[in-house]
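User: I would like to go through this model step by step, beginning with its overall make-up and then turning to one sheet, one loop residue and the ligand site. Please reason briefly before each answer.

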Amino acid sequence: MAPVATTEQTLQSNGTPKKAVSNGIAKVFNPFYSPPASDENDGTYKFAHYKPSFPDIVWAPLEEQEVTDRGLSADPEKNALFSAATKVQHLTPAIGTEITGIDLRQLSPQQKDELALLVGERGVVFLRNQDISIRELLDLHRHYGPLHKHATTGVPREPGLEEVHVVYSDASRRPDPSAFSKIELWHSDVSYELQPPSTTSLKLIEGPPYGGDTLWSSGYALFSSFSPLFQKYLESLYAVHSAVAQADGARAAGHTVRREAIETIHPVVRVHPATGWKSVYVNPGFTRRIVGVPKAESDAVLNLLFHQISDNPDFQVRFHWEPNSVAIWDNRVTTHSATFDFYPHTRHALRATPHGEKPTSVEEYERHGKVAKDRQLEIWKQTGISLPESAQLGKSTPRGYND
Ligand SMILES: O=C(O)CCC(=O)C(=O)O
Ligand SMILES: [Fe+2]
């Protein structure tokens with residue numbers, strides 16, 4: 001186990017620590033900006049070559065890329081994938097499925113397509129005991145689209161892995177609760193990009209015995225939870241997603257911003273190309289404002305959506321990692337949040353993520369005759385339950401429910 005840093009420190013008259021760092025006393029850090037960790041464990045740590053580095057290089061702005069969702073080519077029954085698994089266990093009705101018995105290194109192109117569709121339907125899929133290397137994981141995700149390179153977060157020290165985003169914390173730095181709020185940590189990865197990522201994997205290579213869980217929240221379930229008129233209103237809106245704060249944070253931490261920060265306008269409700277389901281597409285991490293409405297209205301609507309993402313457990317699943325666990329999420333229809341409760345343990349994970357299509361609004365999706373659907377209503381229909389819109393809500397009076 002990593003040595004526990006002492007937390008004793010004396011304060012100057014202005015309240016700042018006199019000796020912030022000495023004898024292993026931890027530096028605090030803001031997990032958004034991932035400043036470099038100390039190199040103290042390099043001699044003994046077996047994954048030192050995957051610790052984050054921040055290369056001083058600059059890339060051109062991204063241009064539009066052709067992407068076709070692999071889930072569109074999948075057998076909706078997913079027979080090739082499911083027949084290879086020993087167990088497929090849904091974790092909540094809204095989101096999350098754990099598959100056992102699959103080796104991600106062995107998937108056929110057909111199984112990869114079915115996995116993409118399953119991830120698109122369930123939001124996030126978990127697999128344990130995966131020996132897949134990070135280069136093999138990148139290859140798997142190339143099947144789903146051109147790989148994304150992050151403009152600011154760490155990449156592995158080992159050369160040739162610029163498409164990998166590194167998640168890393170250890171005893172040398174302690175999350176700084178004054179630097180971020182729990183709600184801000186909820187995000188959809190790099191949603192400010194023109195073509196934000198789709199089917200995304202994170203593999204944990206080193207982690208704490210307990211703690212360090214990750215939570216995901218379903219954008220489909222969030223959409224389904226609202227009344228029909230509010231759903232229609234949301235479908236008409238567009239919002240600004242911004243990379244500026246992340247780039248500013250990276251610069252403040254002394255890193256090069258490898259690609260100029262951008263701001264992009266995306267629909268507030270997007271339709272998944274393979275499922276055809278509507279999903280709320282805003283997140284506290286990067287969505288700044290709704291365009292074309294008064295600021296007070298934008299603030300109130302985003303506040304409602306952000307709080308439902310972070311506060312409503314019916315939309316969420318929480319995963320406890322073990323080394324070699326892989327989570328694969330559809331970044332278009334979910335948000336996620338890490339926990340930072342595991343200090344002083346080391347937690348180290350590697351992410352591979354492809355670009356998806358430009359987010360499709362309901363109006364764009366339906367322009368050519370298709371009809372976008374509410375996931376919950378579709379699932380109820382399949383089980384023989386059909387609710388007229390007017391009967392869905394408003395029939396019961398609010399009451400306390402405590403025991
Ligand atoms: O550390 C985690 O659990 C999640 C980190 C994260 O948000 C990501 O890799 O996209
Ligand atoms: Fe993320």
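Analyst: A residue is called buried here if 20 or more other C-beta atoms lie within 10 Å of its own, exposed if 12 or fewer, and partly exposed in between. The model is a predicted one.

User: What share of the residues in the protein is buried?

Analyst: The secondary structure of this predicted model comes to 10 helices and 19 strands. With the cut-off of 20 or more C-beta atoms within 10 Å, the buried part of the protein's 403 residues is 42%.

User: In what order do the three strands of the open sheet stand, and which of them are at the edges?

Analyst: β10 (residues 214–218) pairs with β16 in the antiparallel sense over four bridges, and five bridges join β10 to β18, again antiparallel. β16 (316–319) and β18 (334–338) each have a single partner strand, so one side of each is left without a neighbour in the sheet. The order is therefore β16-β10-β18, with the edges formed by β16 and β18.

User: Which residues are the partners of Ser217 in β16 and in β18?

Analyst: Ser217 has a bridge partner in β16, namely Gln316. In β18, the residue that stands opposite Ser217 is Thr335.

User: How many of the residues of β18 are buried?

Analyst: On one side of β18, Thr334, His336 and Ala338 are buried, and on the other side Thr335 and Ser337 are buried as well, which leaves both faces covered. The number of buried residues in β18 is five of five.

User: Is Val371 buried or exposed?

Analyst: Val371 lies in the loop between α9 (362–366) and α10 (375–382), and its C-alpha is 7.5 Å from that of Gly276, although the two residues are 95 apart in sequence. Because Val371 has 9 other C-beta atoms within 10 Å, and 12 or fewer is the limit for this class, Val371 is exposed.

User: Which strands each supply at least two residues of the shell around ligand 1?

Analyst: Ligand 1 is surrounded by His165, Val167, Asp189, Leu202, Thr214, His336, Ala338, Ala349 and Arg351. These shell residues divide into four nonpolar, three polar and two charged. His336 and Ala338, which belong to the shell, are also among the buried residues of β18. The strands that each supply at least two residues are β7 (165–169), β18 and β19 (347–352).

How values were computed
Residues are numbered from 1 along each chain as its sequence is written. Chains are lettered from A and ligands numbered from 1 in the order in which they are written. This is a predicted model: local features need pLDDT of at least 70, side-chain atom pairs count only at pLDDT 80 or more; totals for chains, interfaces and linings use all residues. Two strands pair if DSSP finds at least two bridges between them. A residue is near a molecule or strand if its C-beta atom, placed from the backbone, lies within 6 Å of it. Ala, Val, Leu, Ile, Met, Phe, Trp, Tyr, Cys and Pro count as nonpolar, Asp, Glu, Lys and Arg as charged, and the others, Gly among them, as polar.
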